[in-house]
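Which charged side chains pair up, and where does the backbone take an unusual turn? Please have the chain open as you read this report.

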Amino acid sequence: TTSLGRDYTGPYISQVASLDTTLRDYPYYIHFYAAANNGSAYNTVSDGNAMAKNVVTIGAVNDTVRDDSGAYVSGGSIADFSSRGPSFDGRIKPDLTANGVGLISPESLTSTDSKSGTSMATPNASGSTTLLIDYINRKLPGHFFRSSTLRALLINTATDMGNAGPDYIYGFGIINVKAAADIVKRYAENPSTR
């Protein structure tokens, strides 16, 4: 609690700094964290590792409709439960958003169920990024992108939602792996492309 009597979340504590140091020491390891399901108020992203500077913190959105080229058509509103930033020191959190509403997930060894949450959006984003990494390895054999490069690629190809530019609700936008893969493809086919 501050001298103003308000509770703040998202301080940059020693545990978080330690994670950032570890991720800096392993530059090819990209790590995702769920923003949390603390509702529609600002300053509600989980304390702890979701506040690290070298992780990708994911919020949840509703279904997004895209056309065959991957361009945004409709949908993608923020999920009511998805936590919002900023971090205590004013950084953008969540970093990105992904579909986290009504996803089919294993319930047991033999059944599935529809689930929602930033803990559903996060594997959606990390799995999509794994597919992107595989695509990069196939299109650019022998080239391994650092996590900072992957993060920059994801941020710069995200579909901007909400306020123009990054904000404390959608972060830098909804992850768009197709747009990221298109950049890799253009470069692989013509390395002079910028």
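## A buried charged network

Lys-93 and Asp-95 are both buried. Their side chains meet in a salt bridge, with N to O at 3.0 Å. Asp-95 also pairs with Arg-151, where the closest N and O atoms are 2.9 Å apart. Arg-151 sits in helix α3 and Asp-95 in the loop between β4 and β5, so this pair ties together parts that are 56 residues apart in sequence. Arg-151 is buried, as is Asp-95. Lys-93, Asp-95 and Arg-151 are thus linked in a network of salt bridges. The model is predicted, and every value here is computed from it.

Side chains of opposite charge can pair when their charged atoms come close. How many salt bridges does the count give? The count comes to eight.

## A salt bridge along helix α4

Another of these pairs is Lys-185 with Glu-189, whose closest N and O atoms are 3.9 Å apart. The cut-off for a salt bridge is 4 Å, so this pair counts. Lys-185 and Glu-189 are four residues apart in helix α4, so about one helical turn separates them.

Are these two residues buried or exposed? Lys-185 is partly exposed, at 36% relative accessibility. Glu-189 is exposed, with a relative accessible area of 55%.

## Two cis prolines in one loop

Most residues other than glycine have a negative phi, and most peptide bonds are trans. Two peptide bonds in this model are worth a look. Gly-85 and Pro-86 are joined by a cis peptide bond, with omega about 5°. Pro-86 lies in the loop between β4 and β5.

The bond from Lys-93 to Pro-94 is also cis, and its omega is near -5°. Pro-94 is found in the loop between β4 and β5. Lys-93 appears again here: its side chain forms the salt bridge with Asp-95.

## Positive phi between β1 and β2

Which phi does Ala-36 take? Its phi is positive, about 110°, although Ala-36 is not a glycine. The residue sits in the loop between β1 (32–34) and β2. Ala-36 has a relative accessible area of 11%, so it counts as buried; the limit for that class is under 20%.

Asn-43 is another case. It has a positive phi of about 65° and is not a glycine. It too is placed in the loop between β1 and β2. At 8% relative accessibility, Asn-43 counts as buried.

## The β3–β4 hairpin

Strand β3 (residues 64–66) and strand β4 (residues 72–75) run antiparallel, joined by three bridges. Which residue of β4 is the bridge partner of Arg-66? The partner is Tyr-72.

Five residues lie between the two strands of this hairpin. Among the hairpin residues, Gly-70 takes a positive phi near 90°.

## Nonpolar cores

In soluble globular proteins, nonpolar side chains tend to be buried together. The largest nonpolar core here has 24 residues. Phe-32, Ile-58, Leu-96, Leu-132 and Leu-154 touch the most other members. The elements giving two or more residues to this core are β2 (56–61), β5 (96–99), α2 (118–139), α3 (147–157) and α4 (177–189). Helix α2 supplies the largest share, five residues.

What does Leu-96 touch beyond residues up to four places away in sequence? Its contacts include Val-56, Thr-57, Ile-58 and Gly-59. Leu-154, Ile-155 and Ala-158 are also among them, as are Tyr-170, Phe-172 and Gly-173. A second, separate core has nine residues, including Leu-23, Ala-35, Val-45 and Met-51.

## His-143

His-143 is found in the loop between α2 and α3. Its relative accessible area is 44%, so the residue is partly exposed. Leaving aside neighbours within four places in sequence, His-143 is in contact with Ile-136 and Asn-137.

How far apart are the C-alpha atoms of His-143 and Tyr-33? They are separated by 26 Å, and the two residues are 110 residues apart along the chain.

Key. Residues are numbered from 1 along each chain as its sequence is written. This is a predicted model: local features need pLDDT of at least 70, side-chain atom pairs count only at pLDDT 80 or more; totals for chains, interfaces and linings use all residues. Side-chain values use heavy atoms; hydrogens and water are left out. Two strands pair if DSSP finds at least two bridges between them. A nonpolar core is a set of buried Ala, Val, Leu, Ile, Met, Phe, Trp, Tyr and Cys residues joined through side-chain atoms within 4.5 Å. Buried means under 20% relative accessible area, exposed over 50%, partly exposed in between (1.4 Å probe, protein chains only). Contact means heavy atoms within 4.5 Å.
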